[in-house]
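Visitor: I would like to take a close look at one part of this protein, and I would be glad if you could go slowly.

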Amino acid sequence: MLKLLRSLVTRQPDTGTAPVRQPSAAPTTRVAAAGVADFDIVANLVDANGLPVLDWEAAQAWASGIAAQGAQAQAWAACELAWLEHLGATLGPGYHVVQKGQIVLLSSLDERVAAATVHFVDKTHQRIVRVLDGLARPAQAHEQEILIVFDDDATYYRYLAHYYPGAGEFAGSGGVFINAGCAHFATVKADLRAVEPVIAHELTHSCLSHLPLPAWLNEGLAVNTEQRLCPPPPNTFGNRPSPQQMHARHQQFWGAAEIQAFWSGKSFLRADEGNELSYDLARILVSQLAADWARFCSFVLAADMADGGSAAAREHLGVPLEDLAAALLERPPDARWAPDPQQWHGAPERGAF
C-alpha cells in the first residue's frame with residue numbers, strides 16, 4: 001500500500017447548500033500551483049486493469065514541493081478531483097462527480113439519489129464520531145471523504161484487483177475502504193438502503209484509520225457500528241442462521257491454528273466459511289468487551305496489530321485474549337490460543353479489507 005496522504009486533502013466547511021454536480025467536460029490534464037511546475041495528470045495515470053489510477057507517490061512528491069501548507073492541500077485536492085474526472089470519463093458518460101462540503105461522490109446515480117447518498121455519508125460520519133466517542137477521529141478541516149459507486153460487480157472487482165496481490169483466491173465484498181494513496185470508499189450501485197450499511201461499515205474504518213488496530217478489532221468495531229447505525233432487517237423468512245446455529249459452527253471451526261490466523265487477520269481473507277466466522281467472532285468479542293466503554297477505549301487506543309492486541313488486553317482489560325476467545329466458545333483455557341506472531345504467515349493485517 002502507498003503512504004496514506006489524507007492529511008493533504010482539503011475539507012471545505014459544510015454550508016448546508018445542495019450538492020454541486022460537476023458539469024461534464026474534458027477531464028483536467030494539469031494541476032497548477034505557485035512556485036512549482038504544473039503537475040501532469042495524464043502522464044502520471046497508471047493503468048489499473050483498464051481503469052486509470054493516479055500515481056499518488058508522484059503526486060505526493062510534487063505537492064511536497066509547494067511552500068505553503070494550505071496551497072499543498074489545495075493542490076492535492078485538485079489532483080484528487082482530476083483523477084476522479086478521468087476515472088469517470090473512462091467508466092462512461094453517465095458517471096459524474098457530486099460534491100457537498102467534505103463529501104465527494106463519483107457515480108452514475110441520478111441527481112436525487114446522488115444527493116441522498118452524499119447527505120447520508122455526511123450524517124453517518126457525524127454519528128460514528130458520537131458512537132465511537134474517544135476512538136473515532138473527528139472530521140479535520142483539511143480532509144474529505146470520497147465514495148466511488150460502480151455500476152456493476154465486474155467493474156468493481158476489476159478496480160479492486162489493482163489493490164490485491166496478483167495471485168490467490170479472495171472473499172467477495174459489498175464495499176471497501178481503500179487506504180492507499182488517496183483514501184476512498186468503493187461500492188456497487190444498489191438501492192440506497194442496501195448501500196447504507198456498506199457506507200457505515202467502511203466509513204467506520206476511515207474514522208479509525210489513525211490507529212494501528214489488529215484486523216479483528218478493526219472489523220469488530222466496524223460491524224458493530226454498522227449494525228447500530230443501520231440495523232439489519234428482521235429475519236422474517238428464517239434465511240439467516242440462528243445464534244445457536246452460529247455458536248455451533250464456531251465451536252466446530254476454531255482450533256489452535258485457525259485462531260492464530262484470526263489474531264493475525266489472515267482468516268478474514270479466507271474464501272470459505274472462515275471469512276464469515278471471522279467477522280462474526282470479531283463482532284461478538286467487540287460487543288462483549290465494549291460493555292465497559294472506558295476500559296474498552298483504553299484497550300483500543302493501546303492495541304497494536306503487531307501482537308494482535310495481546311499486550312494491550314493484559315494491561316487494560318486484565319485478561320488474556322486467548323482466555324476471552326475460549327470463554328466465548330465454551331472451551332477450557334488453552335495457551336496455544338494466545339496470539340503468537342512467530343506462528344503467523346506474513347505480516348499481520350489491519351483490516352478494512
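Visitor: Which residues form the positive surface patch?

Guide: Before the details, please keep in mind that this is a predicted model. The positive patch on the surface is made up of Lys123, Arg127, Arg130 and Arg228, and helix α3, which covers residues 111-131, supplies the largest share of the patch with three residues. Arg127 is one of the residues located in helix α3, and because its relative accessibility is 33%, while partly exposed covers the range between 20% and 50%, Arg127 counts as partly exposed.

From the patch we can turn to a pair of strands. Strand β9, residues 175-178, has Gly175 and Phe177 pointing one way and Val176 and Ile178 pointing the other way, and all of these residues are buried. Strand β9 pairs with strand β10, residues 184-188, in the antiparallel sense over four bridges, and within this pairing Ile178 is found opposite His184 of β10. Five residues lie between the two strands of this hairpin, where Gly181 adopts a positive phi near 65°.

A positive phi also appears at residues that are not glycines. Asn49 has one of about 55°, and Asn49 sits in the loop between β4 (45-48) and β5 (51-54), where its relative accessible area of 39% makes it partly exposed. Glu330, again not a glycine, has a positive phi of about 55°; Glu330 belongs to the segment after α12 (321-328), and because its relative accessibility is 60%, Glu330 counts as exposed.

Notes:
Residues numbered from 1 in each chain as written. Predicted model: local features only at pLDDT ≥ 70, side-chain atom pairs only at ≥ 80, totals over all residues. Heavy atoms only, no water. Patch = residues over 30% accessible without salt bridge, like charges linked within 9 Å, V, L, I, M, F, W, Y side chains within 5 Å. Areas by Shrake-Rupley, 256 points an atom, 1.4 Å probe, with all protein chains shown as cover. Salt bridge = Lys/Arg side-chain N within 4 Å of Asp/Glu carboxyl O. Lys, Arg positive; Asp, Glu negative; His and termini not counted. Charge placed at Lys NZ, Arg CZ, Asp CG, Glu CD. Buried < 20%, exposed > 50% of the residue type's maximum accessible area, 1.4 Å probe, protein only. Pairing = 2+ DSSP bridges.
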